[in-house]
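Q: I am new to this structure and would be grateful for a close look at one part of it, followed by its surroundings. Please define each term as it arises.

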Protein chains: 2
Amino acid sequence: MSCIEKLRKAAEKADSLVCVGLDTDMDKIPALLASQKDGGVKFNEAIIRSTSDLVCAYKPNSAFYEAMGSRGIEMLQRTCQIIPGDIPVILDIKRGDIGNTASKYADFAYDIIGADAVTVNPYMGFDAVRPFLREGKCVFVLCLTSNPSSEDFQMFDTSGGCLFEKVASKAVEWAEEGEVGIVVGATRPGYMKKIREIVGDMPILVPGVGAQGGDVEAVIGECGGKSGSTVVNSSRAILYASSENDFPEAARRCLNDLRDKINSVRKER
Amino acid sequence: MSCIEKLRKAAEKADSLVCVGLDTDMDKIPALLASQKDGGVKFNEAIIRSTSDLVCAYKPNSAFYEAMGSRGIEMLQRTCQIIPGDIPVILDIKRGDIGNTASKYADFAYDIIGADAVTVNPYMGFDAVRPFLREGKCVFVLCLTSNPSSEDFQMFDTSGGCLFEKVASKAVEWAEEGEVGIVVGATRPGYMKKIREIVGDMPILVPGVGAQGGDVEAVIGECGGKSGSTVVNSSRAILYASSENDFPEAARRCLNDLRDKINSVRKER
């Protein structure tokens with residue numbers, strides 16, 4: 001099955017556009033778990049069991065695991081094995097290299113970790129994307145991010161529009177050779193709409209929607225509410241909704257609030 | 001000591017601008033070593049022992065180790081421990097993320113692997129660079145690469161020049177807050193010269209100079225031949241100069257040829 005099809009089906013089954021970001025930080029999980037040898041995996045397992053009927057995807061953030069060295073890599077592998085097979089795993093790696101090197105990163109993401117999709121940085125152009133286009137896998141290309149210094153380059157005005165618009169247009173071209181999505185931060189009003197117009201139904205992964213879900217109306221209003229086409233990620237707000245042993249239930253409540261809020265905006269449209 | 005100072009001293013001591021890229025691929029190392037449990041580390045150790053008096057830096061390519069999973073990370077750690085302490089380790093990771101996530105990648109590179117410097121992708125702007133600026137560490141920012149699709153975005157013409165020129169200018173600004181270098185492929189004549197004019201003496205890491213060293217005159221001609229300011233990387237040509245057990249001597253000969261060629265161009269200037 002195509003990865004985008006898998007994403008769409010998971011979104012429909014859970015009636016949810018929410019992706020839970022697994023940015024698991026040993027300094028933030030409950031102390032009782034943090035002190036155990038397999039505490040990180042146990043934390044992720046509890047989160048996954050408590051949320052898997054309400055999500056369309058999981059997005060482990062590779063950095064948090066890499067920072068723990070080889071045992072972090074094992075933790076990431078085991079975490080991805082726990083995720084139910086019908087829910088896509090988007091490995092957030094934001095790699096941006098070419099040729100042989102990019103192929104090795106693809107081996108890491110798909111063969112070693114078992115991801116269905118990855119995030120990739122477009123600075124080096126299609127050469128940095130092509131090696132990740134494999135059967136049944138999807139590449140989410142960074143397009144416009146919401147951090148302050150995204151203006152350093154992404155907003156550069158060229159003769160044919162801003163750099164991020166060029167990236168969106170290129171992503172559409174690249175999608176002829178494989179499964180491609182893009183990453184767009186919940187940023188100033190208007191931009192997401194512009195990007196959605198460029199990319200059609202292509203999946204847009206929107207990171208950084210926080211606990212309050214204050215951006216939800218803008219995100220769904222501009223990106224649309226189609227299953228498999230808009231993916232709203234929330235990480236810390238859900239993972240660390242409680243620092244006590246009730247964290248799985250707290251995570252579920254927080255996730256469900258976001259899911260409901262999104263679904264009510266979807267229904268209004 | 002600053003990382004750039006360490007780089008300059010290593011270049012002066014070895015009278016060499018050559019950096020050896022440790023893109024160690026188990027499929028390409030001699031079969032006898034590949035079949036051994038610690039064969040990858042042994043291969044790297046033999047290469048390092050045979051070349052360390054002739055280099056200004058080593059550049060392990062993280063992708064090749066990550067593709068082996070957790071044991072690859074251990075192999076990378078052990079390799080970096082073998083590199084003599086007065087030779088800087090530039091960990092080629094080309095990460096491009098922000099905030100917490102970038103900090104975790106910096107923890108990986110500096111604390112887990114023990115690198116002195118990293119490569120970083122500038123697409124997200126300074127937010128993606130700042131977390132890597134730590135005491136005694138240097139960040140090499142991707143500027144202009146030599147792959148065909150570098151034209152997809154890096155060559156975009158904005159009102160103030162091409163995107164890669166903007167990146168070079170920003171790198172100069174960023175260097176006020178820490179140690180910064182840039183990565184520039186041995187590309188069409190003229191570009192490297194333009195970039196050198198923008199960045200002054202800032203270290204330029206030039207990857208992809210092959211076995212024949214055919215680009216050497218252009219690279220040194222345009223980037224200059226100052227110790228610690230121009231770093232010429234060669235990976236596969238040196239590592240796999242022989243597929244037999246004489247690989248350490250073959251690597252040394254190949255490296256020395258490149259070093260001599262560079263030094264003869266430096267003398268001519």
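In what sense do S5(B) and strand S8 (residues 179-184) of chain B pair, and over how many bridges?

A: S5(B) and S8(B) pair in the parallel sense, over six bridges. Two strands are said to pair if DSSP finds at least two bridges between them; strands (E, at least two residues) and helices (H or I, at least four residues) are DSSP runs numbered from the N terminus. This is a predicted model, in which local features need pLDDT of at least 70 and side-chain atom pairs count only at pLDDT 80 or more, while totals for chains, interfaces and linings use all residues. Residues are numbered from 1 along each chain as its sequence is written, and chains are lettered from A and ligands numbered from 1 in the order in which they are written.

Within the pairing of S5(B) with S8(B), B:Val139 stands opposite B:Val180. Strand S5 of chain B comprises residues 138-144, and seven of its seven residues are buried. A residue counts as buried if 20 or more other C-beta atoms lie within 10 Å of its own, as exposed if 12 or fewer do, and as partly exposed in between, with C-beta atoms placed from the backbone. S5(B) also runs parallel to strand S4 (residues 117-120) of chain B, to which four bridges join it. There, B:Thr119 stands opposite B:Phe140 of S5(B).

S4(B) in turn pairs with S3(B), again in the parallel sense, over three bridges. One bridge of S4(B) links B:Val120 to B:Arg95. The neighbouring residue B:Lys94 is found in strand S3 of chain B and has a positive phi of about 45° although it is not a glycine. B:Lys94 counts as buried because it has 28 C-beta neighbours inside 10 Å.

These strands belong to an open sheet of eight strands with parallel pairing, in the order S2-S1-S10-S9-S8-S5-S4-S3 of chain B. Its edge strands are S2 (57-60) and S3 of chain B, each of which pairs on one side only. Neighbouring strands of the sheet are turned by 30° against each other on average, direction ignored.

Elsewhere in the sheet, helix H11 (residues 247-268) of chain B lies across strands S1 (18-22) and S10 (230-234) of chain B and runs at about 150° to S1(B). Here the axes are lines fitted to C-alpha atoms, for helices over the stretch in contact, and angles run from 0 to 180 degrees between N-to-C directions. Strand S1 of chain B contains B:Val18, which is buried because 26 other C-beta atoms lie within 10 Å. Leaving aside residues up to four places away in sequence, B:Val18 touches several residues, among them B:Val55, B:Val232, B:Leu258 and B:Ile262; contact requires that the C-beta atoms of two residues, placed from the backbone, lie within 7 Å. The C-alpha atoms of B:Val18 and B:Thr230 are separated by 8.9 Å, although these residues are 212 places apart along the chain. Ahead of the strand, the loop between helix H1 (3-14) and S1 of chain B holds B:Asp15. This residue, too, is not a glycine but has a positive phi of about 45°, and B:Asp15 is partly exposed, with 14 other C-beta atoms within 10 Å.

The two chains also touch each other. The contact takes 45 residues from chain B and 44 residues from chain A. On the side of chain B that touches chain A, the largest share, six residues, comes from H6(B). That side has 18 nonpolar, 14 polar and 13 charged residues, where Ala, Val, Leu, Ile, Met, Phe, Trp, Tyr, Cys and Pro count as nonpolar, Asp, Glu, Lys and Arg as charged, and the others, Gly among them, as polar. Of the interface residues of chain B, 98% are also interface residues in chain A, so the copies meet through the same surface. Chain B is superposed on chain A by a rotation of 180° with 0.0 Å of shift along its axis (RMSD 0.0 Å). That is the relation of a two-fold axis; the superposition is by least squares on the C-alpha atoms of residues with pLDDT of at least 70 in both copies.

In chain A, nine of the twelve residues of H7(A) are buried, including A:Phe164, A:Val167 and A:Trp174. The buried residues of H7(A) pack against H7 of chain B, together with strands S5 (138-144), S6 (157-158), S7 (161-162) and S8 (179-184) and helix H8 (191-199) of chain A.
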